[in-house]
Structure formats: C-alpha cells, structure tokens
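Before reading on, take a moment to look over the sequence and the model as a whole, and then keep both at hand while individual residues are discussed.

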Amino acid sequence: MDIYGTTISSRLMLGTARYPSDDVLADAIRASGTQVVTAALRRLPVVGGDGGRGFLAMLKDLNVRILPNTAGCTNAREAVTTAKMAREVFETNWIKLEVIGDAETLQPDLAGLVEAAQELVADGFDVLAYTTEDMVTAQRLAAAGCRVIMPWGAPIGSGRGLNNPFGLSLLRARFPDLTLIVDAGLGTPSHAAAAMELGYDGVLINTAIGKAGDPARMASAFARAVEAGRLGFEARPIPVRDYATASTPERGRAVLA
C-alpha cells in the first residue's frame with residue numbers, strides 16, 4: 001500500500017481511541033501487525049497527565065507510524081488549524097482530514113472537507129481525506145491533490161459494514177491510481193474482507209477492535225481477514241451470474257436406454 005511515496009506492507013490501520021487501557025491498545029497493535037495508527041491531537045493532554053508524552057513514547061516503542069487526525073472538527077477552519085498544530089506535535093506532513101457535518105451520524109461535511117483539503121495540500125500536507133462514497137466529492141479531492149481517499153463503509157462506530165458496496169466499487173473503478181482505504185463503520189472481520197475483495201488498498205479499524213471483548217484477538221482476526229480479502233481480489237474472482245453454471249462436464253455422463 002502506497003501512502004504518498006511510502007510503502008506500507010500492512011493493509012490494516014488502527015485507531016487508538018476507545019481501548020480500555022494503553023496496555024490493551026499496545027497488545028492489539030502487536031497482534032494486528034499494523035504499521036500505521038491514528039491519533040487525535042486533543043487526546044494527548046489527558047493521557048497519563050504528562051501531555052501525552054507517555055502515549056507517544058509507547059507508540060514509538062511499538063515502531064508504528066502515527067497518522068494524526070482532525071477528529072471532532074466541525075468546519076474547515078478548525079480542521080486546518082488542528083492539522084497545523086498536529087504537524088508540529090507529531091512532526092509529520094501526514095494528516096487524516098476529518099470535517100464532521102452531522103453530530104448524529106458523524107457524516108463528513110463534504111464542502112468543508114474539500115475546502116480544507118485544498119488549503120492543506122497547498123501548505124505541503126499529505127492529506128488522507130475521510131469522506132463518504134460520493135463520487136463528485138472524490139473527484140474534487142483528487143483534483144485538489146489528495147492521493148489517498150478514505151470513504152466510510154458506514155457511520156463511525158456503527159459496525160454496520162459496507163452500506164453501499166456498489167458506490168465503493170464505482171470509486172475503485174474510477175480512481176485506479178489512487179490509494180483508497182475504507183474507514184469507519186466496519187464491525188467484523190468479514191466486513192474488512194469484503195472491502196478488500198472490492199480492490200481497496202486497506203482498511204482503518206478503531207471501535208470494532210477497541211470495544212471488542214478481546215481486542216488483541218479481534219485485531220488478529222481483522223489482520224487475517226484483510227490479507228484473505230486482498231488475496232481473493234488479486235486471484236480475480238469469477239463473475240457474478242444470474243443463472244447456474246454446471247461444474248460437472250457433460251462428457252462421461254451416463255446415458256439411460
């Protein structure tokens with residue numbers, strides 16, 4: 001998986017929120033084999049009372065790359081300001097850009113997202129844009145310079161899986177050269193496998209692992225599902241048909257007198 005010129009071998013990315021403890025988070029990261037985890041700037045001051053230094057040190061010890069995000073931002077100006085602060089704290093040009101437009105569904109504000117993406121790309125950021133499966137928005141994000149687009153499978157934390165696999169398939173077909181990562185709404189490993197079978201480059205999971213009964217075991221399950229789904233896609237599945245196709249040849253069939 002390519003993220004702005006960096007090759008990432010694991011196609012599973014993890015969020016770092018909603019875990020019972022940092023120790024459980026660390027176990028899940030190890031079990032997942034992930035190389036990229038997301039972190040919100042606003043999380044740091046409350047971790048361990050040390051301004052987040054212990055949290056960052058833990059992630060450094062786990063040898064994972066941090067993808068800061070603008071979680072909780074509700075307009076373009078707030079998202080841009082947060083991204084610039086995150087760049088200083090996390091020392092990276094990578095930013096997972098979120099601009100939330102609806103408090104109930106946490107659906108992105110697509111107009112605000114494009115506005116913020118345009119400004120951040122112009123300022124040298126490598127933007128990973130969290131969006132819906134809306135084709136027009138994806139076109140505008142690509143035109144703005146976003147090389148990684150992250151459409152949701154379903155609303156954040158809902159565990160519903162892929163609400164619109166047709167729309168996700170259209171995005172994959174339209175943007176074969178972009179890195180596409182399904183982000184949000186996946187609840188089980190089978191959901192992740194389904195996303196990968198559509199040809200997506202990766203998935204990002206948070207709640208489905210962090211709130212699972214056994215986060216480390218669930219992280220391992222998602223890692224295997226992502227690998228299986230990718231292998232299935234690369235193996236070129238048979239086309240879907242409306243009618244049956246016999247798997248047994250006619251030759252050698254018994255003839256009754």
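The report below begins with the whole chain and then turns to single residues.

**The whole chain**

The structure shown here is a predicted model, and every value in this report is computed from it. The secondary structure of the protein is made up of 9 helices and 10 strands. With 257 residues, the protein has a radius of gyration of 20 Å, which is close to the 18 Å given by the globule rule, and therefore it is as compact as a globular protein of that length. Taken along the principal axes, the box filled by the C-alpha atoms is roughly 85 × 40 × 35 Å.

How much of the protein is buried? Buried residues account for 47% of the 257 residues. The accessible surface comes to about 12,800 Å², and carbon and sulfur atoms hold 51% of that surface. Among the contacts with a separation of 6 or more, 65% join residues that are 24 or more positions apart. As for charge, there are 25 positive and 28 negative side chains, and the centres of these two sets lie 5 Å apart.

**The cysteines**

A disulfide is a covalent bond between the sulfur atoms of two cysteines. How many disulfides does the count give for this protein? Counting sulfur pairs within 2.5 Å as disulfides, the result is 0. The sulfur of cysteine 73 has its closest cysteine sulfur in cysteine 146, and because the distance is 16 Å, the two are too far apart for a bond. Seen from the other side, the closest cysteine sulfur to that of cysteine 146 is the one in cysteine 73, again at 16 Å and too far for a bond. Cysteine 73 is buried, with a relative accessible area of 0%, and cysteine 146 is buried with a relative accessible area of 0% as well.

Cysteine 73 sits in the loop between β5 (65-69) and α3 (76-90). Its C-alpha atom lies 9.9 Å from that of proline 108, although 35 residues separate cysteine 73 and proline 108 in sequence.

**Buried residues in strands and a helix**

Proline 108 appears again around threonine 131, a residue of strand β7 (residues 126-131). Threonine 131 has a relative accessibility of 1%, and so it counts as buried. Setting aside residues up to four places away in sequence, threonine 131 touches several others, among them Pro108, Leu110, Leu113, Ile149 and Trp152.

Isoleucine 66 belongs to strand β5. Its relative accessible area is 17%, and because buried means under 20%, isoleucine 66 is still placed with the buried residues. Beyond its neighbours within four places in sequence, isoleucine 66 is in contact with Val37, Ala39, Leu56, Leu59, Phe90 and Thr92. One of these partners, phenylalanine 90, is 24 residues away from isoleucine 66 in sequence and 7.4 Å away in space, C-alpha to C-alpha.

Isoleucine 209 is located in helix α8 (residues 207-210), and it is buried, with a relative accessible area of 0%. Once its neighbours within four places are left aside, isoleucine 209 has contacts that include Leu14, Tyr19, Ala28, Met218 and Phe222. Which distance separates isoleucine 209 and leucine 25 in space, C-alpha to C-alpha? The distance is 9.3 Å, while in sequence isoleucine 209 and leucine 25 are 184 residues apart.

**Exposed residues**

The table lists three residues that count as exposed, with the relative accessible area of each.

| Residue | Relative accessible area | State |
|---|---|---|
| Asparagine 63 | 67% | exposed |
| Glutamate 91 | 71% | exposed |
| Isoleucine 238 | 75% | exposed |

Asparagine 63 is placed in the loop between α2 (53-61) and β5, and its phi is positive, at about 60°, although asparagine 63 is not a glycine. Glutamate 91, in the loop between α3 and β6 (94-97), has a positive phi of about 55°, although it too is not a glycine.

Where does isoleucine 238 lie? Isoleucine 238 is in the segment after α9 (215-234). From alanine 142, isoleucine 238 is 96 residues away in sequence and 31 Å away in space, C-alpha to C-alpha.

Key. Residues are numbered from 1 along each chain as its sequence is written. This is a predicted model: local features need pLDDT of at least 70, side-chain atom pairs count only at pLDDT 80 or more; totals for chains, interfaces and linings use all residues. Side-chain values use heavy atoms; hydrogens and water are left out. Helices (H or I, at least four residues) and strands (E, at least two) are DSSP runs, numbered from the N terminus. The radius of gyration is taken over C-alpha atoms; the globule rule is 2.2 Å times the number of residues to the power 0.38. Buried means under 20% relative accessible area, exposed over 50%, partly exposed in between (1.4 Å probe, protein chains only). Contact means heavy atoms within 4.5 Å. Accessible areas come from the Shrake-Rupley method with a 1.4 Å probe; for residues, only the protein chains shown count as cover. Lys and Arg count as positive and Asp and Glu as negative; His and the chain ends are not counted. The place of a charge is taken as NZ of Lys, CZ of Arg, CG of Asp or CD of Glu.
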